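Please look over the sequence and the structure shown here before reading on. The report that follows takes up the strands, the helices beside them, one residue and a pocket.

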Amino acid sequence: MAEQYADLLATEGVVRGLIGPREVPRLWDRHILNSAVVLPRVPQGATVADVGTGAGLPGLVWAIARPDLKVTLIEPLLRRTTFLDEAVVKLGLENVTVLRARAEDVKETYDVVTARAVAPLDKLGRWCLPLVRKGGVLLALKGRTAEQEVKASTATLHRLGATTIVVSTYGEEDNPTTVVEVTK
């Protein structure tokens, strides 16, 4: 199923402008595996919201690898949600809901909220923390600037209900996934 998804990204994803053509050779290491390595942090049977999911990263990867999860892909742009709806059907995923909305307009709460390459952490916190249930976690997949973003946004995140903020690294040393884990 992951191979089918990679094929969709490499074909329809490129044609529809969801990923750049130069990303195709790096789909597995930079996108799919980069998303998948975080899964040990996601509790069994969790409800998950992927905010600004774009082409479905990391949400579709998580749903494929972990059928126990109930994943909601939140994306405001119609061309992206159309792709996501088609991908969910083609992949036969019964644990995924595609929601065309802005995060600020979503009223549900989730055990885990995630976002990958969406916005700076302070802005991401304003969008995502209201969606995290008490005791849940925001898993923001970030790059090298994670530590600086945490320093710059700690006060905002605490104001929004964060109890702990930790920067963790998952995956291989040569291709790590840096995650800011914000518990509410």
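## Strands, helices and a pocket

In this predicted model, V48 has V71, a residue of β2, as its bridge partner. That pairing belongs to a wider one, since strand β1, residues 47-51, runs parallel to β2 and is joined to it over 5 bridges. Of the 5 residues of β1, 4 are buried, so this strand is largely enclosed by the rest of the structure.

Both strands take part in an open sheet of 7 strands, whose order is β3-β2-β1-β4-β5-β7-β6 and whose pairing is mixed. The edges are formed by β3 (96-100) and β6 (164-170), each of which pairs on one side only. From one strand to the next, the twist averages 20°.

Two helices that lie across strands of this structure are set out below, each with the strands concerned and an angle to one of them.

| Helix | Lies across | Angle |
|---|---|---|
| α2 | β4 (110-116), β5 and β7 | about 160° to β4 |
| α6 (residues 146-159) | β5, β6 and β7 | about 155° to β6 |

Helix α2 also holds L27, and the surroundings of this residue can be described in some detail. Is L27 buried or exposed? With a relative accessible area of 3%, which falls under the 20% cut-off for burial, L27 is buried. When its neighbours within four places in sequence are left aside, L27 is in contact with A6, L9, A10, I19 and I32. One of these, A10, is 17 residues from L27 along the chain, and the C-alpha atoms of the two are separated by 7.8 Å.

The largest pocket encloses about 890 Å³ of space. It is lined by 33 residues, and those closest to its centre are H31, R116, A117, V118 and L141. Sorted by class, the lining of the largest pocket comprises 14 nonpolar, 9 polar and 10 charged residues.

Which elements each supply at least two residues of that lining? They are α2 (27-36), β2 (70-75), β5 (132-142) and β7 (177-183). The largest share comes from α2, with 4 residues. Helix α2 therefore appears in several parts of this description: L27 has its place in this helix, the helix lies across β4, β5 and β7, and α2 gives the pocket lining its largest share, where "helix" stands for a DSSP run of at least four residues.

Conventions:
Residues numbered from 1 in each chain as written. Predicted model: local features only at pLDDT ≥ 70, side-chain atom pairs only at ≥ 80, totals over all residues. Heavy atoms only, no water. 1 Å grid on protein atoms, 1.4 Å probe; cavity = no way out; pocket = protein on both sides within 12 Å on 5 of 7 lines; lining within 4 Å. Points joined across faces, edges and corners; volume = space filled by probe spheres on them. Nonpolar A, V, L, I, M, F, W, Y, C, P; charged D, E, K, R; others polar. Pairing = 2+ DSSP bridges. Axes fitted to C-alpha atoms, helices over the stretch in contact; angles between N-to-C directions. Contact = heavy atoms within 4.5 Å. Buried < 20%, exposed > 50% of the residue type's maximum accessible area, 1.4 Å probe, protein only.
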